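I opened this entry to look up strand pairing, burial, cores and enclosed space. The notes follow in the order I took them.

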Amino acid sequence: MRRALVRPEVRAAVGWMGLALACARTGEPPRTEAPPTGAPSEGKTEIVEPVGVDPSLLVSAELAPGDVEEKCHAPGYRARCLQARAHPQVRFDWSLVLDEYRTDERGDQVEYTEAEKLARRERVMVRLRAHGAGEIYIDSSLWSVRVVATHPQVREAMALPHVRMVSVSCAEDDREFCDCGRLRVDQCPAHAFCSDVIGRPNCHGPLTLAGCTRFETCTDSMGRARDPRGVLWQFHSGCYPDQPGWKPYGSAIDMTTGEPRCPGG
């Protein structure tokens, strides 16, 4: 029996129809691959914001008349001394400054002799050691003592009459307490060891609290940075927030024209 011959153009048409019928899904829309659950959308950066710290880390003590913390004269250091007192387990970096002069019977200021300065400084160190402070640093100035210790280990030495002034900063080994990047922006003002960073959103907006930093030697230079949401800020302190997601862009001054270059480039 002879097989019927099918013209090539008919065979091709039948093939295409079969392929279309096999692939068709009546009433079913085309399928697209969904991204895995929890994955960020393509082209978008996931914004990570600090969850904040336990409010107990932000408590501070109250100053009463006669408290030795009155020797922390500067307002910033006064707040730090009182917050350090409220956290007796945390080590801080203290500087105890001694009087260099005494007042004689005529009311004149007379500088202490070198032997007197040495003796007074030694009394401070003896008091520190007596209360468990072991990390004590001295230099050739004779009028100051630096110590890394807790507030209870330092307080009695602060009370000595020849200690005139006290300042305190974060110790290098206590970054957890002084990790300003962990704070939410609204928590920054309550942490005495974190400096507020204030800037202008969109470069020309009103002065706004952007975050805070542990850095203490901010300058008056202008700088720019983008926040985690991509908004460009202008800062006048030379510092940027420690909170995650900030991208500094450096100077906000065009070195050619001397004019601000914000927003843009």
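I count two strands as paired if DSSP finds at least two bridges between them. The model is predicted.

**Strand E10**

I started with the neighbours of strand E10, residues 232-235. Strand E7, residues 195-201, is joined to E10 by three bridges, and the two run antiparallel. I looked up one partner here: Arg200 bridges to Gln234 in E10. Strand E9, residues 223-226, also runs antiparallel to E10, with four bridges between them. For Arg226, the bridge partner in E10 is Leu232.

I then checked the connection between E9 and E10. They form a hairpin, and five residues lie between the two strands. Gly230, in the turn, has a positive phi of about 90°.

Which residues of E10 are buried on each side? I find Leu232 and Gln234 on one side and Trp233 and Phe235 on the other, so both faces are covered, taking buried as under 20% relative accessible area.

**Helix H2**

Next I went to helix H2, residues 75-85, and noted Arg80, Cys81, Leu82, Gln83 and Ala84 as buried. I asked what covers the buried residues of H2. The cover includes strand E1 (91-98), helix H4 (151-158) and strand E6 (163-170).

**Cores**

I looked up the largest nonpolar core and found 27 residues in it. Trp94, Leu96 and Val124 have the most contacts inside this core. H2, E1, helix H3 (114-130), strand E5 (144-150), H4 and E6 each supply at least two of its residues. I also noted a second, separate core of seven residues, including Val53, Leu58, Cys180 and Cys194.

**Cavities**

How many cavities of 30 Å³ or more are there? I count two.

The largest cavity holds about 40 Å³ of space. I list its lining as Val53, Leu57, Phe177, Asp179, Cys180, Arg182, Leu183 and His191. By class, I enter five nonpolar residues, one polar and two charged for this lining. Val53 and Cys180 appear in the lining of the largest cavity, and I had already entered both under the second core.

The second largest cavity holds about 30 Å³. Its lining is made up of Leu98, Asp99, Glu100, Lys117, Arg120, Leu142 and Trp143. For this lining I enter three nonpolar residues, four charged and no polar ones.

Note on methods:
Residues are numbered from 1 along each chain as its sequence is written. This is a predicted model: local features need pLDDT of at least 70, side-chain atom pairs count only at pLDDT 80 or more; totals for chains, interfaces and linings use all residues. Side-chain values use heavy atoms; hydrogens and water are left out. Buried means under 20% relative accessible area, exposed over 50%, partly exposed in between (1.4 Å probe, protein chains only). Contact means heavy atoms within 4.5 Å. On a 1 Å grid over the protein atoms alone, a cavity is a set of points where a 1.4 Å probe fits but cannot get out, and a pocket is an open set with protein on both sides within 12 Å along at least five of seven lines; lining residues have an atom within 4 Å of a point. Grid points are joined across faces, edges and corners, and a volume is the space filled by probe spheres set on the points. Ala, Val, Leu, Ile, Met, Phe, Trp, Tyr, Cys and Pro count as nonpolar, Asp, Glu, Lys and Arg as charged, and the others, Gly among them, as polar. A nonpolar core is a set of buried Ala, Val, Leu, Ile, Met, Phe, Trp, Tyr and Cys residues joined through side-chain atoms within 4.5 Å.
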